Structures are given as structure tokens and as C-alpha cells.
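Here's a quick briefing on the fold, the sheets, the helix packing and the cores. Have the viewer open and follow along.

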Amino acid sequence: MSESHSESAKQSSNDPKYHHYVPQFYLSRWAITERKICRFSKPYDRIVPKMVGLRRTGGQDSLYELKSVAPEHAQWIEMGPMWEIDTYGSQALDLLEAGNLASMSKQERSNWSRFLMSMMMRGPDDIELIRKNYAAEWQKGVPEIIEKLQGSENKNIRALADKVLEMLAADGPLMADWALEMAVGLMDHTGMGGLLNNLIWMVREVPEGVPELLTSDRPIMASDTMIRHDDYILMPVGPRKLFLGLTTPETEYRVSQYDIATQVAAVNRFIVGQAQEHVYGTDDAQLEFVREHMSKRPRPSLFERLVRFRELDPSK
């Protein structure tokens, strides 16, 4: 890992209560001027660009903070699982950038796959959706829990029945913490990770003369499954590098033959179009493009799609 990117991966330990859902090591690829990046946002009625430092963008205070534990343990998820995802993801990205795809170990590929999965479900809206759905599932079982406690022969256990509604409140700290733990588990889902590991990986270089790749707080473009002939996942990993995971050699060949300028324009439209609050670039050269496309093509997150799928088929 290069020194600058290594430092970016470790910054969270310096400011542990500001939690990055778009990690600094990732955004640092666009920070080519004085460690600053151009952030496009819409604070009022117009999208505006601003050069900002990496430490206080792409994150939110206390996003992954545990609410039901002692203060000394409140940052466990940020300093533990999320730190690991980003640290090992940063190391894997260094290998991808260096063109060492073929020599990546199974563990290094898994580290990158886990990072990709995290980027599909770690934003504030994703975490809140997971919390709401997790809480809703628990609320269905509350009457039965209370009934079982009330029927106990142990008076201490019977006394717990009066506390269940408070303990398992949908907006309570315990439910929020359990949902966070569930989210972290989904980021390391074995089945999904295995599908990503088995894709054919490639990194396309964007030559000078072609507009740079942009990124956003929703930087991944992916098909709904990873098993069909033409399925894919892709993510800009720098202003002039595009990571792709593809299912077949035929698809890999077709993609390698695409006109790179056409592909960059299509990827930028998608990534900018599904942005929620922020788009990022090296500078404001593509301001008009961002103003035309930003947040115009919102797409459900991975967890939102999973929720809808389950609503259609409750047996899943």
C-alpha cells in the first residue's frame, strides 16, 4: 500500500466519531490537488462544486455508533469491522491499480469483494432502511415474547414482561445496534461474496483526452444477479481507472472492445444519476454534466431490492 493511501485508510482512527460511508482511501484517488477533492452538492436550489478535504466528506457523525453499550465500546463497529473492510479493501485496490489482478490471492480477492458489498449497503439511508425493517420484524414477535415471559414460573422472568416494549422499541437503542450488526453481517455475506470472487475482473484505463470518471455516494453499477451470461458489476476506482467484474470471457472481450469514451460517458451518467447527496471529481470541469444528470436516475440500493424481493415472496 502506498504511504498516502495507507494514511487515508487509517484516518478513521484519528476522528472515530465521523464515520465514512465513502472511505477516504477510495476518494483519495480523485484528490490530486493538495489532498482536496471537488465535491458537487445541492445545498440550496442549485448544484455547486466545492474543493474539500477528505476527512470531513463522505461521512456522517456517529453513523455506526452503538447506542446500547458503554461509551468505551460505542465505536466498536467503526474501529473494528468497518476499519477492517476499508483497510483490506485499500490494500486490494492498490493491487488492482498496479495491474496485479492475476496474482491476487483468494483472500485478497475476498477482501475486495467484501469492500464492494459494503459500498452497496453502508450509506445512511441503507443503515436506516435496515434498522426499520429489522425493527418491524421484531415487532411482529413482541406479543408472543411477552406472553411467554408472563407465563413463566419464575417471578423475575415474569417481571421482564413489563420491560419488553421499552427494550424492543422500534426506535430504541437496542434495535438500532442489532440492525447495525446485521448490516455488517450482510457486508460479509458468504454467498454474495463467492459470486463476486468468481467473476472475471478487469481494470480499464481511461486515456488522456477522454473526460475523467466521476464518482458519488452511490459509486457502484451492477446487474441484479451475478449468474447470467451478461451480468456485471463495475465501479470507478479513480478518474482514469474503471473496475469491472464480468461473468464470462465473451462478455469480457466485448467490454474490452467498447469505445472507452462512450463507456465513460455511460458510466458517469449512471453513477451521477443515482447519487443521493454528493458527486465527486478532481475538479469542476464537468459541472454542467453533473448539473444535467445528478440524482436524475435514482436506483434502489441492494438492501431495498432485497426487501422488495422478500415482499413479493415472503418465503425468502
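In this predicted model, four antiparallel strands make up an open sheet that runs β5-β9-β8-β7. The edge positions go to β5 and β7 (221–222), and each has a single partner strand, so one side of each is left without a neighbour in the sheet. A helix also leans on this sheet: α10 (residues 249–257) packs on it, touching β5 and β9, and its direction makes about 5 degrees with that of β5.

**Strand β9 and its partners**

- On one side, β5 pairs with β9 (residues 241–246) through six bridges in the antiparallel sense.
- If you want to check the register there, E205 sits opposite K241 in β9, and R204 sits opposite L242 in β9.
- On the other side, β8 is joined to β9 by six bridges, again antiparallel.
- I233 has G245 of β9 as its bridge partner.
- The β8 and β9 strands form a hairpin, with two residues between them.

**How buried is β9?**

- Six of the six residues of β9 are buried, so the strand is largely enclosed by the rest of the structure.
- In a regular strand, side chains alternate between the two faces of the sheet.
- Here both faces are covered: K241, F243 and G245 are buried on one side, and L242, L244 and L246 are buried on the other.
- Is K241 buried or exposed? With 19% relative accessibility, against a buried cut-off of under 20%, K241 counts as buried.
- Which residues surround K241, leaving aside its neighbours within four places in sequence? K241 is in contact with E97, V203, R204, E205, V206, L213 and P236.

**The other sheet**

- A second open sheet has four strands in the order β3-β2-β10-β6, and the pairing is antiparallel.
- At its edges stand β3 (48–53) and β6 (215–216); each has a single partner strand, so one side of each is left without a neighbour in the sheet.
- Inside the sheet, three bridges connect β2 (residues 36–41) with β10 (residues 279–281), and these strands run antiparallel.
- For a register check, look at C38, which stands opposite G281 in β10.

**Nonpolar cores**

- The largest nonpolar core holds 50 residues, and L96, W112, I233 and F243 have the most contacts inside it.
- At least two residues of this core come from each of α2 (24–27), α3 (76–97), α4 (106–119), α5, α8, β5 (200–205), β8 (232–238) and α13 (302–312).
- Apart from it there's another core, of 15 residues, including M202, L242, V267 and I271.
- W112 is worth a click: leaving aside its neighbours within four places in sequence, W112 is in contact with G89, A92, L93, L96, W201, M235, V237 and F243.

**Helix α3 against α4**

- The α3 and α4 axes come within 8 Å and cross at roughly 115 degrees.
- That crossing of α3 and α4 is left-handed.
- On the α3 side, the contact uses E84, I85, D86, Y88, G89, A92, L93, L95 and L96, while α4 brings E108, N111, W112, R114, F115 and S118.
- By class, the α3 and α4 contact has eight nonpolar, three polar and four charged residues.

**Helix α5 against α8**

- For α5 and α8 (residues 173–187), the axes come within 9 Å and cross at roughly 115 degrees.
- The α5 and α8 crossing is right-handed.
- From α5, the contact takes in I127, I130, R131, Y134, A135, W138 and Q139; from α8, it takes in M175, A176, W178, A179, L180, M182, A183 and L186.
- The class split for α5 with α8 is 13 nonpolar, one polar and one charged.

**Around Q150**

- Q150 belongs to helix α5 (residues 124–150).
- Q150 has 49% relative accessibility, so it counts as partly exposed; the exposed class needs over 50%.
- Leaving aside its neighbours within four places in sequence, Q150 is in contact with R158 and A161.
- Between the C-alpha atoms of Q150 and L160 the separation is 8.2 Å, and these residues are 10 apart along the chain.

Terms used
Residues are numbered from 1 along each chain as its sequence is written. This is a predicted model: local features need pLDDT of at least 70, side-chain atom pairs count only at pLDDT 80 or more; totals for chains, interfaces and linings use all residues. Side-chain values use heavy atoms; hydrogens and water are left out. Two strands pair if DSSP finds at least two bridges between them. Buried means under 20% relative accessible area, exposed over 50%, partly exposed in between (1.4 Å probe, protein chains only). Contact means heavy atoms within 4.5 Å. Axes are lines fitted to C-alpha atoms, for helices over the stretch in contact, and angles run from 0 to 180 degrees between N-to-C directions. A crossing is left-handed if the near helix is turned anticlockwise from the far one by less than a right angle, and right-handed if clockwise. Ala, Val, Leu, Ile, Met, Phe, Trp, Tyr, Cys and Pro count as nonpolar, Asp, Glu, Lys and Arg as charged, and the others, Gly among them, as polar. A nonpolar core is a set of buried Ala, Val, Leu, Ile, Met, Phe, Trp, Tyr and Cys residues joined through side-chain atoms within 4.5 Å.
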